[in-house]
Number of protein chains: 2
Amino acid sequence: MVFADFLRGRRRDLLSAQDLEALEAAVADVRNLPPRKTFISRDQNITMSTYLIDGVMCRYMDDRQGERQLVAVHVAGDFVDLHGYPLGHLDHDLATLTACRVALVPHVALDHLVATRPALTKLLWFSTLLDAAMHREWIFRLGRLDAIARVSHFFCETEAKLRAIGRSDGSHFILPMTQADLGEACGITSVHMNRMLRELKDRNLLAMHRHDVEIRDRKGLARLGEFDPAYLFLDDQN
Amino acid sequence: MVFADFLRGRRRDLLSAQDLEALEAAVADVRNLPPRKTFISRDQNITMSTYLIDGVMCRYMDDRQGERQLVAVHVAGDFVDLHGYPLGHLDHDLATLTACRVALVPHVALDHLVATRPALTKLLWFSTLLDAAMHREWIFRLGRLDAIARVSHFFCETEAKLRAIGRSDGSHFILPMTQADLGEACGITSVHMNRMLRELKDRNLLAMHRHDVEIRDRKGLARLGEFDPAYLFLDDQN
DNA sequence: CGCTTGGTTGAATTTTATCAACTACGGTGG
DNA sequence: CCACCGTAGTTGATAAAATTCAACCAAGCG
């Protein structure tokens, strides 16, 4: 069962048993990837899409000096580059953060699904638009929030996503990102990220040791980060 | 002919005559909207999607103090909130900048198209993912570029989009946005936007009077803004 | 043990926001 | 026709936020 976490916590009930079966049948290959490895580069032609079974991946773009800007962080259950199917190629790079297990689905198989399974098609489309909704929230975060609020917002989002797939109990989770990675996600330097993390700890909102994140005050963190999970389209989850 | 500019400059040839006809038949209503009016608010349930026939619209989110962050600017030919079809509701507001002419397409009609026209479905999906690609570029812009580069990048993007639909000749176009609007798009204050526009003029890159934009050095502007139009998925256009 | 990576700290500098005036200009009403 | 008004744009001074640079510490690994 490859797609166990697909849309988990998000309209999973709309995925009929037959559609799920068809989706499983579309998988051409399952692969294990090493950590910190770029799996797909921008502009390379792609004929398959990558579904993340387990692990953490990210998508990023480089500026002229080679500095990264993360545009998305992906966890188990994410159809990471399904958007490459209608687009034909990616406009960014895709890399692993941890060791990952991924399933590859050929675009020709997706063509078949689109031609025969409208309900599934709409759900696949939906899943790509979830990413777009998160993109918008990242724009908001970078455009309107200061550093401390950006970091708070990022952790709130990440916690909510992990909780939806059972990888967070609401106050504790593993996030395999360095402070430099976090800075690349939030548009600040790693030095400043370090100071912001300390401030969050001082304010008793959040503490991170290595890759262990402890949310000490979720309400307070959400207030500071102006976080409202509506854009994640989760089934309920307060 | 409502969809004359749809996908213009971008795989328009993949849209068959029959599919186009079916799309035209799906339009339930055509409306004229006044300028500077919020047309759809976040969280309101929507049953139709909005295609922009002519005019300029924007999508935005408010922070807690009510300050706006634009997340997209739309021009003729954009299926502005097609993503609301799979999502069910919007996570942001949609407003006009100028007076606009829009076509409304009921989601039930889209359901019918998805069930019967796979090629059209894929193109509609594609068009929503173009927006996602632009979102990513906006994330990059806000996360990695300083103010002057952000502004340059924004103008490069806008010029390229307008050129694709014949609203720019490469050096001159109309952009009905105030300096405050531009600031809300680029994540800077209107005061700072004013200074950046002056600097662009001083550097002989771009001059804007009222809503008249004159690109004086497109190459230079693109270099400064680290702009590469690949993410716009245009047919050619250097 | 020494090396590398990630994290921490302080000081100086740069960038951008904020605040407060003030100007230019296109309507509108008298 | 002109005075007035509101919006958009402009400018300078000051303050706040974040970067940069340079050093140093700590842990994990060969």
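# Briefing: domains, salt bridges and a small set of strands

In chain A, the centres of domain 1 and domain 2, taken over C-alpha atoms, are separated by 25 Å. Keep in mind that this is a predicted model. Below is a quick tour of the domain layout, the charged pairs, one sheet in chain B and one residue in a strand of that chain.

**Domains of chain A**

- The domain assignment splits chain A into domain 1, covering 12–129, and domain 2, covering 145–232.
- Where these two domains touch, domain 1 of chain A puts in 11 residues and domain 2 of chain A puts in 12 residues.
- UniProt, in an unreviewed entry, lists the feature "domain: HTH crp-type" at residues 145–219 of chain A.
- Over that stretch, residues 145–219 of chain A, you get 55% helix and 15% strand. Its end C-alpha atoms sit 17 Å apart.

**Salt bridges in chain A**

- Side chains of opposite charge can pair when their charged atoms come close.
- Searching the whole structure turns up 32 salt bridges over all chains.
- One of them joins the side chains of Arg167(A) and Asp5(A), at 3.2 Å from N to O.
- Arg167(A) is in the loop between α5 (147–164) and β8 (172–174) of chain A, while Asp5(A) is in the segment before α1 (17–25) of chain A, so this pair ties together parts that are 162 residues apart in sequence.
- How accessible is Arg167(A)? Arg167(A) has 31% relative accessibility, so it counts as partly exposed.
- Asp5(A), on the other hand, is buried, with a relative accessible area of 12%.
- Another salt bridge runs between Glu199(A) and Arg203(A), whose closest N and O atoms are 2.8 Å apart.
- Both ends of that pair are partly exposed: Glu199(A) has a relative accessible area of 28%, and Arg203(A) comes in at 43% relative accessibility.

**Salt bridge in chain B, and a network in chain A**

- Asp5(B) and Arg167(B) also meet through their side chains in a salt bridge, at 3.3 Å from N to O.
- This pair links distant parts of the chain, 162 residues apart: Asp5(B) is in the segment before α1 (17–25) of chain B, and Arg167(B) is in the loop between α5 (147–164) and β8 (172–174) of chain B.
- Asp5(B) is buried, at a relative accessible area of 12%, whereas Arg167(B) is partly exposed at 32% relative accessibility.
- Back in chain A, salt bridges with shared partners join Asp5(A), Arg8(A), Asp54(A) and Arg167(A) into one network.

**A sheet in chain B**

- Chain B has an open sheet of 3 strands in the order β8-β10-β9, with antiparallel pairing.
- β8 and β9 (206–209) of chain B are at the edges with a single partner strand each, so one side of each has no neighbour in the sheet.
- On average, neighbouring strands of this sheet are turned by 15° against each other, direction ignored.
- β9(B) pairs with strand β10 (residues 212–215) of chain B in the antiparallel sense, over 4 bridges.
- Which residue does Leu206(B) stand opposite in β10(B)? Its counterpart there is Ile215(B).

**Thr50(B)**

- Thr50(B) belongs to strand β3 (residues 48–54) of chain B.
- Is Thr50(B) buried or exposed? With a relative accessible area of 1%, Thr50(B) is buried.
- Leaving aside neighbours within four places in sequence, Thr50(B) has contacts that include Phe39(B), Ile40(B), Phe79(B), Val80(B), Leu94(B), Val102(B) and Leu104(B).
- Asp78(B) and Asp81(B) are also among the residues in contact with Thr50(B).

Note on methods
Residues numbered from 1 in each chain as written. Chains lettered and ligands numbered in written order. Predicted model: local features only at pLDDT ≥ 70, side-chain atom pairs only at ≥ 80, totals over all residues. Heavy atoms only, no water. Helix = DSSP H or I, 4+ residues; strand = E, 2+ residues; numbered from the N terminus. Buried < 20%, exposed > 50% of the residue type's maximum accessible area, 1.4 Å probe, protein only. Contact = heavy atoms within 4.5 Å. Salt bridge = Lys/Arg side-chain N within 4 Å of Asp/Glu carboxyl O. Pairing = 2+ DSSP bridges. Axes fitted to C-alpha atoms, helices over the stretch in contact; angles between N-to-C directions. UniProt positions renumbered as here; feature names shortened; annotations may be inferred. Domains from an automatic or database assignment.
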